[in-house]
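Here are some worked exercises to try with the viewer open. Have a go at each task before reading the steps under it.

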2 protein chains.
Amino acid sequence: MNGADLLCDTLLANGINVCFANPGTSEMHFVAALDRKPQMRCVLGLFEGVVTAAADGYARMADKPAATLLHLGPGLANGLANLHNARRARTPMINIVGDHATYHLRYDAPLTSDIDSLARPMSCWVGRATTANEIRAMTEEAYLAALAHPGVATLILHADAAWSGHEGEAPTPVTVPARPKADAVKVREAAGLLRSGRKPAIILGGTAMRAAALEVAGKIEAGTGAALLTQRAARWERGAGRVTPAVVPYPVDHALRALKEFDSVVLIGGTAPVAFFAYPGKPGTLLPEGCRILELAGQEHDLAAALAMLADELGVGSLRPSGIHPYTAPDLPAPTGALTSDAIAVAMARALPEGAIVCDEGITSTRRFSELAATAAPHDHLPITGGAIGIGIPLATGAAVACPDRKVIGLQADGSGMYTLQALWTQARENLDVVTIVYSNRGYAILKGEMRNVGVNDFGRNARRMLEIEDPALDWCSLAKGMGVEAGRAETAEDFIRLFGAALSRKGPFLIEAAI
Amino acid sequence: MNGADLLCDTLLANGINVCFANPGTSEMHFVAALDRKPQMRCVLGLFEGVVTAAADGYARMADKPAATLLHLGPGLANGLANLHNARRARTPMINIVGDHATYHLRYDAPLTSDIDSLARPMSCWVGRATTANEIRAMTEEAYLAALAHPGVATLILHADAAWSGHEGEAPTPVTVPARPKADAVKVREAAGLLRSGRKPAIILGGTAMRAAALEVAGKIEAGTGAALLTQRAARWERGAGRVTPAVVPYPVDHALRALKEFDSVVLIGGTAPVAFFAYPGKPGTLLPEGCRILELAGQEHDLAAALAMLADELGVGSLRPSGIHPYTAPDLPAPTGALTSDAIAVAMARALPEGAIVCDEGITSTRRFSELAATAAPHDHLPITGGAIGIGIPLATGAAVACPDRKVIGLQADGSGMYTLQALWTQARENLDVVTIVYSNRGYAILKGEMRNVGVNDFGRNARRMLEIEDPALDWCSLAKGMGVEAGRAETAEDFIRLFGAALSRKGPFLIEAAI
């Protein structure tokens, strides 16, 4: 048994049995080891940005990390943008990145690069396994770091560590420490803040966005009047019958207006909102000056317990939670005529199956659906978290691997969809139950808005050439066909309703090109 | 006039008039500035790996840098794998990477990351423009660094530096220092080494692989018997009538056999060959022990001058160069029947147009063409240089932007082609004269060989699932159609000859899916 086998066994011993991969020569001993472990499910992505986002989607839904297998610095580099999103989502993940044999590094062979420098910006933990004997301890350390932070742990595996024999015992599961509880003193302070505030709010994120935790938050709102807010939560259990926090708007002016009255804010898994970008003359932080902010618990804490302790302290346990919407979406009139993103939102909200997983990289096209979601069937919402476009199709892919019995619906802007379209092939290969809706507006619509924000209204040739993606128009049905995914094009609301219904009534991947 | 305008003007003043781009919100002021400069040609890539490889292909053929425009850390990250290749190719390039306004960094907004840490491994120069007033000096420094090294210079442009006014004059061209000449003492030493060696060789790279420089190298070979060798030269002026160095083989055992007799080696733009990867029990360096190695000139030097000085010292200036092949490829019998990579090689060598630019990411499929190339019409050969797959289609795209009057032929493995297939869209958008030949063998053929190298001959499910990319088969004609590129599928040699002929006889992009 060599180091590569030991790495596989350590992962398996700790319940990690899915590996999203795109290996290369330096990882061949690890591939050979994986081939000896049929209990590890290896899922190939045809590009590393697919691999890392799929691992993100998987972990958000499985509530445990997947492993990734990446080929040296360039393979890691290709996966970094979606590791950036995973880092912002606080998704636990273990990247295995191959490197040359330790003694080969000095020759600066063509594929040599500074992997640590590449990995560090997106990782909460980076380590190198230089000998087979240290692989078990390093893998366990990576696993515990990924869970504790939670975040992306990157384990660099030298080829000679993988191919050498080792002397250790067969791995057994490590003991994972329980998440720390919120500080009791802070709980009392938070309760005081919510009681004394003229206009208090709680900003929720992480596992505080699961239905049971939100139920408790809803009781706190009922008892204190504190508004519940959220922003880009990695996984939000949403829909009718569930407590629904309000979303801090993306445009700075809207956010400032929405937040201007708050004087007391408690953070439970969320962060104090900041502007996504700086704009001349506009502030970078969005809460009003003088607002008192207390972080009760961060994502490393047990957030459900923090909410329970706060509810206890406030004595709101028996109240009926606020902020629950009834299941009214099916009563909306069916859209007709021209296809718009709003028509898609209504059609989707009406027909959304219970337990659906909605992966949302709709960028400018899914605002209306966000408004309607609270009245649709209960579902999970997985958004782009770090602003690095190209997460959507592979995120849905990974979520579908984690939850084969739930329908996954990908809401996909066309510009960002092109970044990692290769994920459609993995959906076909694994026969994943994903409906991808491509909002085909043939431009980087968000950037056209931002150009107007910087005062440019008449675009010249260069601006048009950089912000529009028509000429030629992308034909998403052909792209999907090229990767083995069935597809249909909707030009009217009626088309969309028909195609969406058909896609929901069958298993397996399907893509709808929605011409909006 | 703001900092963004100044940056554009500084680039234009120094002859940089092509910008491969995929911008985002933090770059909107720069996009607005580009929009005011119609003399700058902005070429959009639908993914940053397309942008950086296109800039590489452009600079290899234009002999001057292009600019790239990338969106923050994730945008840069997406381009890094092909920056790795550009770094190994020693391609001059100026990356403009947007960053938040300086004062916004402290808020750790979602798209914030450590851009320096990401840029450094692939860049010979990294700088930050934090105010408009320093933009001109920083841009000039980046330009000079990119040329001198030569390599990838990364200029991080803060949004507030871009949008602020500045006080400087309109930029004028900087004085670019001449490349240093080789040291005269070393020239004498090199001449002595070649004269005294039992079996001498010269390893060529960089601009020493241009036809005129190779002609001089051929005279040195004629006068001294020194073998001419090369490895992954970024641009090789190759074909009938030109001096043709031998290529150091990729497999370690073959390379060791090919090099085992050499006792004296002079490096002129090349490096001492090392194994691409380490293998248990095999050496990492490929020249025999005790071989005397002298670096006469590196890629920062004037390599043509180094060869001329050496030829002078050896008194070989009037000799007829060795290593020239006649134009015999058209006399090869036309292949018939089943389509193989060898049949494609013969068909291509027979019909290759003079002045073609062959961009080669064929990996396992283009060995035969490499052998025949010396007998085909004179052409340029641009290979993958750093082993980071996904360079081919965008490299061809950039070369075609640089040389609109030459036919570009992309030799593309299917596995690596999927990495940056989005470049086909740019070929369609810009109506570039590129024929892409996809070797559709439906697997990572090179890795199957490497698995056998590690002793695995019977692949189990996991190995098959990671090394084969059939099930579903990729349909490259549909993929091309989806991005507006015409395509045809060749299943026999006759099909291929017909499609290749048709593609050569017209302008504009065309893709041939070659079922091998």
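**Exercise 1. Work out whether Glu140(B) is buried or exposed, and find its salt-bridge partner.**

Step 1. This is a predicted model, so you're working with computed values throughout. The relative accessibility of Glu140(B) is 14%. The cut-off for buried is under 20%, so Glu140(B) counts as buried.

Step 2. Look for a nitrogen partner: Glu140(B) forms a salt bridge with Arg136(B), and the closest N and O atoms are 2.9 Å apart.

Step 3. Place the pair. Both residues sit in helix α6 of chain B, four residues apart, which means about one helical turn separates them.

Step 4. Check the partner too. Arg136(B) has a relative accessible area of 23%, so it is partly exposed.

Step 5. Now for a bigger case in chain A. Asp63(A), Arg210(A), Arg235(A), Glu237(A), Asp380(A) and Arg406(A) are joined into one network by salt bridges that share partners.

**Exercise 2. Take the salt bridges Arg128(A) with Asp99(A) and Asp9(B) with Lys37(B), and say which parts of the chain each one ties together.**

Step 1. Get the total for context: over all chains, the whole structure has 57 salt bridges.

Step 2. For Arg128(A) and Asp99(A), the closest N and O atoms are 2.9 Å apart. Arg128(A) belongs to strand β5 of chain A and Asp99(A) to strand β4 (residues 93–99) of chain A, so this pair ties together parts 29 residues apart in sequence.

Step 3. Compare the burial of the two ends. Arg128(A) is partly exposed at 23% relative accessibility, whereas Asp99(A) is buried at 1%.

Step 4. Switch to chain B, where the side chains of Asp9(B) and Lys37(B) meet at 3.1 Å, N to O. Asp9(B) is in helix α1 of chain B and Lys37(B) is in the loop between α2 and β2 (41–44) of chain B, so the parts tied together are 28 residues apart in sequence.

Step 5. Asp9(B) is buried at 17% relative accessible area, and Lys37(B) is buried as well, at 9%.

**Exercise 3. Explain why helix α1 of chain B can be called largely enclosed, then look at what happens at its ends.**

Step 1. Count the buried residues. In α1 (residues 3–13) of chain B, 10 of the 11 residues are buried, so the rest of the structure largely encloses this helix. Among them are Leu6(B), Leu7(B), Cys8(B) and Leu11(B).

Step 2. Find what they pack against: α2 (28–35), β3 (67–70), β4 (93–99), α6 (135–148), β6 (152–158) and α7 (159–163) of chain B.

Step 3. Go to the N-terminal end, which Asn2(B) caps: one of its side-chain oxygens lies 3.0 Å from the backbone nitrogen of Ala4(B).

Step 4. Just past the helix, Gly15(B) adopts a positive phi of about 85°.

Step 5. Try the same reasoning on α2(A). Eight of its eight residues are buried, so α2(A) is also largely enclosed by the rest of the structure.

**Exercise 4. Describe how chains A and B meet, and how the two copies are related.**

Step 1. Start with contacts: 99 residues of chain A touch 99 residues of chain B. About 8,300 Å² is buried between the two chains, with carbon and sulfur atoms giving 64% of that. On the chain A side, Pro110(A), Arg429(A) and Met466(A) lose the most area, together 9% of what that side buries.

Step 2. Add the polar part. There are six salt bridges across the interface, including one between Arg88(B) and Asp108(A) at 2.8 Å, N to O. Residue pairs in polar contact between the chains number 53.

Step 3. See who supplies the chain A side. α4(A) gives the largest share, nine residues. By type, that side divides into 55 nonpolar, 25 polar and 19 charged residues.

Step 4. Superpose the copies. A turn of 180° with a shift of 0.0 Å along the axis lays chain A on chain B with an RMSD of 0.0 Å. The copies are thus related as by a two-fold rotation axis.

Step 5. Check the surfaces: 100% of the interface residues of chain A are interface residues in chain B as well, so the copies meet through the same surface.

Terms used:
Residues are numbered from 1 along each chain as its sequence is written. Chains are lettered from A and ligands numbered from 1 in the order in which they are written. This is a predicted model: local features need pLDDT of at least 70, side-chain atom pairs count only at pLDDT 80 or more; totals for chains, interfaces and linings use all residues. Side-chain values use heavy atoms; hydrogens and water are left out. Contact means heavy atoms within 4.5 Å. Buried area is the accessible area (1.4 Å probe) that two parts lose on being put together, summed over both. A salt bridge is a side-chain nitrogen of Lys or Arg within 4 Å of a carboxyl oxygen of Asp or Glu. A polar contact is a pair of N or O atoms within 3.5 Å; within protein, one must be able to donate a hydrogen and the other to accept it, and residues adjacent in sequence count only if both atoms are side-chain atoms. Helices (H or I, at least four residues) and strands (E, at least two) are DSSP runs, numbered from the N terminus. Ala, Val, Leu, Ile, Met, Phe, Trp, Tyr, Cys and Pro count as nonpolar, Asp, Glu, Lys and Arg as charged, and the others, Gly among them, as polar. Buried means under 20% relative accessible area, exposed over 50%, partly exposed in between (1.4 Å probe, protein chains only). Copies are superposed by least squares on the C-alpha atoms of residues with pLDDT of at least 70 in both.
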